[in-house]
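Visitor: I'd like to learn how to read a model like this one, feature by feature. Could you walk me through it?

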Amino acid sequence: RTASSQQIFSLLSLAGHIPCGLICHPDKEHILYPLGCTVVIQDLDSKKQTFLHGHTNNVSCIVISRNGVYVASGQVTFVGFKADIILWDFQRKELLARLSLHKAKIEGLAFSPNSLYLVSLGGQDDGSVVVWHIGKREAVCGSPASARSAGNATVVACASGRDEMFVTAGNGTIRVWELDLANRKIRPTECQTGQLRRVITCVKMADDDNYFYVGTSSGDVLKVNTNNKLMTAYGPQKEKFSLGVTALLLLKMGDLIVGTGGGIVALCKGSNYKVMKKIQVQGAVTSLTCRGQGHQFFVGTNECQIYRINYTVFKEELIAACHNEAVHDIVFPLGTSDLFATCSKNDIRVWHTPENRELLRIIIPNMTCHAIEFMRNGKSIISAWNDGKIRAFMPETGRLMYVINHAHSLGVTAIAATSDCKHIISGGGEGQVRVWEIGERTHKLGEILKEHVSAVSCIKITKNDRECVTASLDGTCIIWDIVRFVRKQMILANTLFKCVCYHPEEYQIITSGTDRRIGYWEVFDGSAIREVEGSVSGSINGMDITSDGTYFVTGGDDHLVKLWDYNEGAVTHIGVGHSGNITRLKICPGNKYIVSVSADGAILLWKYP
């Protein structure tokens, strides 16, 4: 049987580090942003998302034509291989053409004002600029982007009125190019900036094409005349923007909106660059994009936050946020699929699935949370941290309830709670498994189980609270009696176990890890029943089984979500969409969807199956 594909039905993430990655469509109803290998189109009102699949590696830049008909996106690839540009039809959401000439990475893209040409700029291993004819879907001509004496060009922008003119800029270079279509040539002219030496980070053309603005990493803005190619003004002279200008927006009145590396969004006078209003957002600004005429605009930051700002009141409103570090765990509370919690470096977040929004963020700065669990009674979220502490929080307010200090010596790596909520079982980086007795106001160490010699990666407890299984990176899985606190069975394999699951009937367990095999084992005597090849490349990091035990899901370093038939041991569905290693995944209670989380901070919801 061939496996059919699964559908992503929503994402809680964006790739915030991509310059100008967030773009508002000219129809004022959609925003577009890249996430991994996909381009996401999100409706602003209904929050509905559609996806453009086609890139083989991470998307590095994205651009929309002025009439809103075309979308173009470029990707990175391995050095020596060609990096594709894909031209998409926005209305039909389908791939029109693959344009491949550049090597290794597409640094920037720009559509000419009447959507006749697409200008593309290769990365530093490529260094060339190419003009593509959109109607014929072929390259017109190309040229090295910057002179040998100058640095790399990193940004490209087309003129606002003429199709034949565009600008490239970068490290110590600003060039205005003219396209000579008859001779299939592009001719550059260097712009003179006098004594100033600058690294250009963004370019914005004026509406009449007489001049353009460039933002620099030194924190100022230069104004360059297009006709005589001279810099006419620059500023602010005294109070430069800290951490550089990273994004620019030119308003109809001639004023500028400047986004900086320090997270400031400022409204500046066009004549003297004096800051009139400013607000602070979280993370460095990577994108600024207008909605319509500029009465509203959106800000994207490298901490993966999207803000909406009204021009008149100039106040920020957070409309989307997600993890910007690897997500380590995902859990659902007992019996509900409307909520789930994820944990990452610095924080635990609780999400509301029907509305795809963040309900609660619990921040412990500079610490990494390895695992979380909802207590069965719903009264607390327990979490395992790399500073060796177990922390419990209130699920509604995020208030700290209690801390178990020095729970493990090398950080707490796995955690589970019994269904009567009286015990917590934790695993540590040194390999110990510890049972904690949790009272109304007390918590004390009940028992230490010393068998594993390396970090415990996963703990699962049976429904009757009488036994549990722990998987470890030392190549063993141990089934413990947690009434008498003795080892019942030990499973050995030549692998680092990453995940383990009880079959709901609890007579078998399935395991997986770095050897890419899924093992079925008998609980009674620990004997192997069978092994199936779980993945072609990379370890398997997470698995979860349905409540009736007929299907289970796995995910790992091959970036694929796979749904398996338990009895057949065969894949029935495959989900493609992650661009990072999948760290954990869960099937929600009631089997409505599957949630998978990955090392690039993405959270993907998949329709089940």
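**Reading the strands**

Guide: Let's start with one bridge: Ala392 has Tyr402 as its bridge partner in S36. This is a predicted model, where local features need pLDDT of at least 70 and side-chain atom pairs count only at pLDDT 80 or more, while totals for chains, interfaces and linings use all residues. Residues are numbered from 1 along each chain as its sequence is written, and side-chain values use heavy atoms, with hydrogens and water left out.

Visitor: How many bridges join strand S35 to S36?

Guide: First the terms: helices (H or I, at least four residues) and strands (E, at least two) are DSSP runs numbered from the N terminus, and two strands pair if DSSP finds at least two bridges between them. Here, four bridges join strand S35 (residues 390-393) to S36, and the two run antiparallel.

Visitor: In what order do the six strands of the open sheet come?

Guide: The order is S31-S32-S33-S34-S35-S36, with antiparallel pairing. Strand S31 (327-331) and strand S36 (400-404) stand at the edges with a single partner strand each, so one side of each has no neighbour in the sheet. Neighbouring strands in this sheet are turned by 25 degrees against each other on average, direction ignored. For such angles, axes are lines fitted to C-alpha atoms (for helices over the stretch in contact), and the angles run from 0 to 180 degrees between N-to-C directions.

Visitor: What is the phi of Asn366?

Guide: Asn366 has a phi near 65 degrees, a positive value in a residue other than glycine. Asn366 sits in strand S33 (residues 357-374). As for accessibility, buried means under 20% relative accessible area, exposed over 50%, and partly exposed in between (1.4 Å probe, protein chains only). Asn366 counts as exposed because its relative accessibility is 65%. Lys28 also has a positive phi, about 65 degrees, although it is not a glycine. Lys28 is in the loop between strand S3 (23-24) and S4, and counts as partly exposed at 37% relative accessibility.

Visitor: Which residues does a cis peptide bond join?

Guide: That would be Gly235 and Pro236, with omega about -10 degrees. Pro236 lies in the loop between S22 and S23.

Visitor: Now salt bridges. How many does the structure hold?

Guide: The rule is a side-chain nitrogen of Lys or Arg within 4 Å of a carboxyl oxygen of Asp or Glu. The structure holds 25 of them. Take Asp220 and Lys240, whose closest N and O atoms are 3.4 Å apart. Asp220 lies in the loop between strand S20 (211-216) and strand S21 (221-225), and Lys240 in the loop between strand S22 (231-235) and strand S23 (245-250), so the pair ties together parts 20 residues apart in sequence. Asp220 is buried, with 0% relative accessible area, whereas Lys240 is partly exposed at 32%.

Visitor: Which residues are linked in a network of salt bridges?

Guide: Asp347, Arg349, Glu358 and Arg361 are linked that way. As a separate case, Glu533 and Arg517 meet through their side chains in a salt bridge (3.0 Å, N to O). This pair links distant parts of the chain, with Glu533 in strand S48 (residues 528-533) and Arg517 in strand S47 (residues 517-522), 16 residues apart.

Visitor: On to the interior. How many residues does the largest nonpolar core have?

Guide: A nonpolar core is a set of buried Ala, Val, Leu, Ile, Met, Phe, Trp, Tyr and Cys residues joined through side-chain atoms within 4.5 Å. The largest one has 22 residues, and those with the most contacts inside it are Leu22, Ile31, Tyr33, Phe298, Val553 and Ile594. Strand S4 (30-35), strand S51 (560-565), strand S53 (582-587) and strand S55 (603-607) each supply at least two residues of this core.

Visitor: Where does this core lie relative to the domains?

Guide: Domain bounds come from an automatic or database domain assignment. Domain 1 (15-190) and domain 2 (327-607) both give residues to this core, so it lies between them. The centres of domain 1 and domain 2, taken over C-alpha atoms, are 42 Å apart. With contact meaning heavy atoms within 4.5 Å, six residues of domain 1 are in contact with six residues of domain 2.
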